[in-house]
Amino acid sequence: NTEGTCYAPFVRDNGYNTMYAGKYLNMYGLQGNNGGTTTAWIPKGWNNWFGLVGNSRYYGESISNNGTTQTYGQEYITDYYTNVLREQALSFLDTQSGDTPFLMVIATPAAHAPFE
């Protein structure tokens with residue numbers, strides 16, 4: 001696993017507050033991946049983690065909210081995944097101070113088949 005040598009651990013170790021929200025890997029968080037773990041596994045380097053479970057979804061999605069599974073419903077506005085990502089990003093920005101640099105990554109899923 002080379003994740004420890006990626007940019008997130010580097011910037012976090014250099015004083016940045018880090019946040020990732022969105023699609024990480026196609027099978028992230030599904031049973032049997034990441035050594036058998038599910039959403040409890042957070043890649044190295046992220047202080048704030050909101051990784052999408054599985055593949056691209058826009059409604060009814062589950063995420064890892066800092067290691068705890070959180071599931072959204074079918075509500076047209078509030079549960080639409082792009083809107084969920086926006087709210088996570090705005091909440092993160094609200095907590096930042098002018099004294100600490102930050103890295104925020106928002107990885108929106110792209111529409112493509114298969115959809116499940």
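Here are four short exercises, each with a worked solution, on a predicted model.

**Exercise 1. Work out the order of the strands in the sheet, and find which strands stand at its edges.**

Step 1. Start with the overall layout: five strands form an open sheet, and their order is β4-β3-β2-β1-β5. The pairing in this sheet is mixed.

Step 2. Look at the two ends of that order. β4 (68-71) and β5 (102-107) each have a single partner strand, so one side of each is left without a neighbour in the sheet.

Step 3. Add the twist, which averages 15° from one strand to the next.

Step 4. Zoom in on one pair. Strand β3 (residues 62-65) and β4 run antiparallel and are joined by four bridges. Within this pair, I63 has Q70 of β4 as its bridge partner.

**Exercise 2. Describe how α2 sits on the sheet, and check its length.**

Step 1. Find what the helix touches: α2 packs on the sheet and touches β1, β2, β3 and β5. Its direction makes about 175° with that of β1.

Step 2. Test the span. α2 has 14 residues, and at 1.5 Å a residue they should span 20 Å. The end C-alpha atoms of α2 are 20 Å apart, which agrees.

Step 3. List the buried residues of α2: Y81, N83, V84, L85, Q88, A89 and F92. These buried residues pack against β1, β2, β3 and β5.

Step 4. Now see how a helix can place such residues together. An α-helix has 3.6 residues a turn, so residues three or four places apart point the same way.

**Exercise 3. Find the residues of the largest nonpolar core and the element that gives the most to it.**

Step 1. Collect the members: M19, A21, F50, L52, I63, Y72, Y81, V84, L85 and F92, 10 residues in all.

Step 2. Sort them by element. β1 (17-23), β2 (48-52) and α2 (81-94) each give two or more residues to this core. The most come from α2, with four residues.

Step 3. Notice a second, separate core of nine residues, among them W49, L103, V105 and A107.

Step 4. Follow one member of the largest core. Leaving aside neighbours within four places in sequence, A21 is in contact with F50, L85, Q88, V105, I106 and A107.

**Exercise 4. Decide whether G51 is buried or exposed, and list its contacts.**

Step 1. Place the residue: G51 lies in strand β2.

Step 2. Apply the cut-off. Buried means under 20% relative accessible area. G51 has 0%, so G51 is buried.

Step 3. Leaving aside neighbours within four places in sequence, G51 is in contact with G22, Y28, S62, I63 and S64.

Step 4. Compare sequence with space: G51 and I106 are 55 residues apart in sequence, and 9.9 Å apart in space, C-alpha to C-alpha.

Conventions. Residues are numbered from 1 along each chain as its sequence is written. This is a predicted model: local features need pLDDT of at least 70, side-chain atom pairs count only at pLDDT 80 or more; totals for chains, interfaces and linings use all residues. Side-chain values use heavy atoms; hydrogens and water are left out. A nonpolar core is a set of buried Ala, Val, Leu, Ile, Met, Phe, Trp, Tyr and Cys residues joined through side-chain atoms within 4.5 Å. Buried means under 20% relative accessible area, exposed over 50%, partly exposed in between (1.4 Å probe, protein chains only). Contact means heavy atoms within 4.5 Å. Two strands pair if DSSP finds at least two bridges between them. Axes are lines fitted to C-alpha atoms, for helices over the stretch in contact, and angles run from 0 to 180 degrees between N-to-C directions. The expected span of a helix is 1.5 Å times one less than its number of residues.
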